[in-house]
Amino acid sequence: MNIRITIMALGLLAFTSCHHRVSKENSVVEPTQTQQKLLDAGWTNETPDEDMSEDYGVKPIYGIQDNYFDIVMGSGCNVAVKIMELGTDKCIRYVYVAENTTTTVQEIPQGVYYLKLAYGYDWMAKETNDGKQGKFTRNVLYERSQDTFDFGIKNSREEINYRLDINVVDSKLENNFQTIPIDEKEFMK
């Protein structure tokens with residue numbers, strides 16, 4: 001009898017816990033005017049995969065060595081990062097890092113790169129002929145790194161890695177690398 005009561009109590013607890021999560025997830029939040037305009041134009045609300053490259057029309061380029069970026073996103077926003085080749089302005093990787101998470105972008109080819117960063121919340125996307133186009137729709141900020149990241153010369157055997165720390169404290173970005181503001185148009189290029 002005691003076992004049956006314990007099992008029923010655990011079952012009720014599990015049901016209540018799951019029901020609470022479902023009702024929280026299903027709560028309706030009214031879109032902002034900007035979001036409604038995008039919805040009317042065919043955009044959708046979605047959280048992208050961590051590696052957005054191919055979905056968003058970027059052909060990812062990988063190196064032979066395991067050169068990598070560790071991107072540590074603190075609190076205050078989510079970030080979309082484009083890794084751009086310095087000499088050609090070509091995007092070689094495009095990643096999404098959610099608030100309070102860390103991702104590692106591996107196999108960065110040898111060369112010199114800079115970053116384009118988009119910060120914010122409420123990611124929306126739209127299918128285009130070239131893949132998806134996506135952007136944040138709340139608390140949005142765009143930047144470009146002033147720092148460049150040198151992953152070595154071709155045929156070098158040395159592995160090179162960088163850790164990028166991104167955090168927002170009291171509405172101010174605190175990164176361990178230097179950036180300058182850019183606009184949405186520049187980020188989308």
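A residue counts as buried under 20% relative accessible area, as exposed over 50%, and as partly exposed in between. Keep that handy for the exercises below, and remember that this is a predicted model.

**Exercise 1. Work out whether D89 is buried, partly exposed or exposed, and say what is unusual about its backbone.**

Step 1: Find the residue. D89 sits in the loop that links β3 (78-85) to β4 (91-97).

Step 2: Look up its accessibility. The relative accessible area of D89 is 47%.

Step 3: Compare with the cut-offs. Partly exposed covers the range between 20% and 50%, so D89 is partly exposed.

Step 4: Check the backbone. Most residues other than glycine have a negative phi. D89 isn't a glycine, yet its phi is positive, at about 60 degrees.

**Exercise 2. Do the same for E107.**

Step 1: Place it. E107 belongs to the loop between β5 (101-105) and β6 (112-128).

Step 2: Classify it. Relative accessibility here is 33%, so E107 is partly exposed.

Step 3: Look at phi. E107 has a positive value near 60 degrees, and it's not a glycine either.

**Exercise 3. Describe the surroundings of S53, starting with its burial.**

Step 1: Locate S53. You'll find it in the loop between β1 (44-45) and β2 (68-73).

Step 2: Apply the cut-off. With a relative accessible area of 1%, S53 falls under 20%, so it is buried.

Step 3: List its contacts. Setting aside neighbours within four places in sequence, S53 touches V58, P60, R93 and Y94.

Step 4: Add the polar partner. The S53 side chain makes a polar contact with the side chain of D51, at 3.0 Å.

Step 5: Take a C-alpha distance. S53 and I92 are 39 residues apart along the chain, and 8.0 Å separates their C-alpha atoms.

**Exercise 4. Find the largest nonpolar core and say which strand gives the most to it.**

Step 1: Count and pick out the hubs. This core has 24 residues, and F69, I71, I83 and L115 have the most contacts inside it.

Step 2: Trace the strands. At least two residues come from each of β2, β3, β4, β6 and β9 (161-169).

Step 3: Name the top contributor. That's β6, with 5 residues.

Step 4: Zoom in on I71. Beyond its neighbours within four places in sequence, I71 has contacts that include V81, V95, T103, L164 and I166.

Step 5: Don't stop at one core. A second, separate core has 16 residues, among them V58, C91, Y114 and F187. V58 is also one of the contacts of S53 from Exercise 3.

Conventions
Residues numbered from 1 in each chain as written. Predicted model: local features only at pLDDT ≥ 70, side-chain atom pairs only at ≥ 80, totals over all residues. Heavy atoms only, no water. Helix = DSSP H or I, 4+ residues; strand = E, 2+ residues; numbered from the N terminus. Buried < 20%, exposed > 50% of the residue type's maximum accessible area, 1.4 Å probe, protein only. Contact = heavy atoms within 4.5 Å. Polar contact = N/O pair within 3.5 Å; in protein donor to acceptor, adjacent residues only side chain to side chain. Core = buried A, V, L, I, M, F, W, Y, C linked by side-chain atoms within 4.5 Å.
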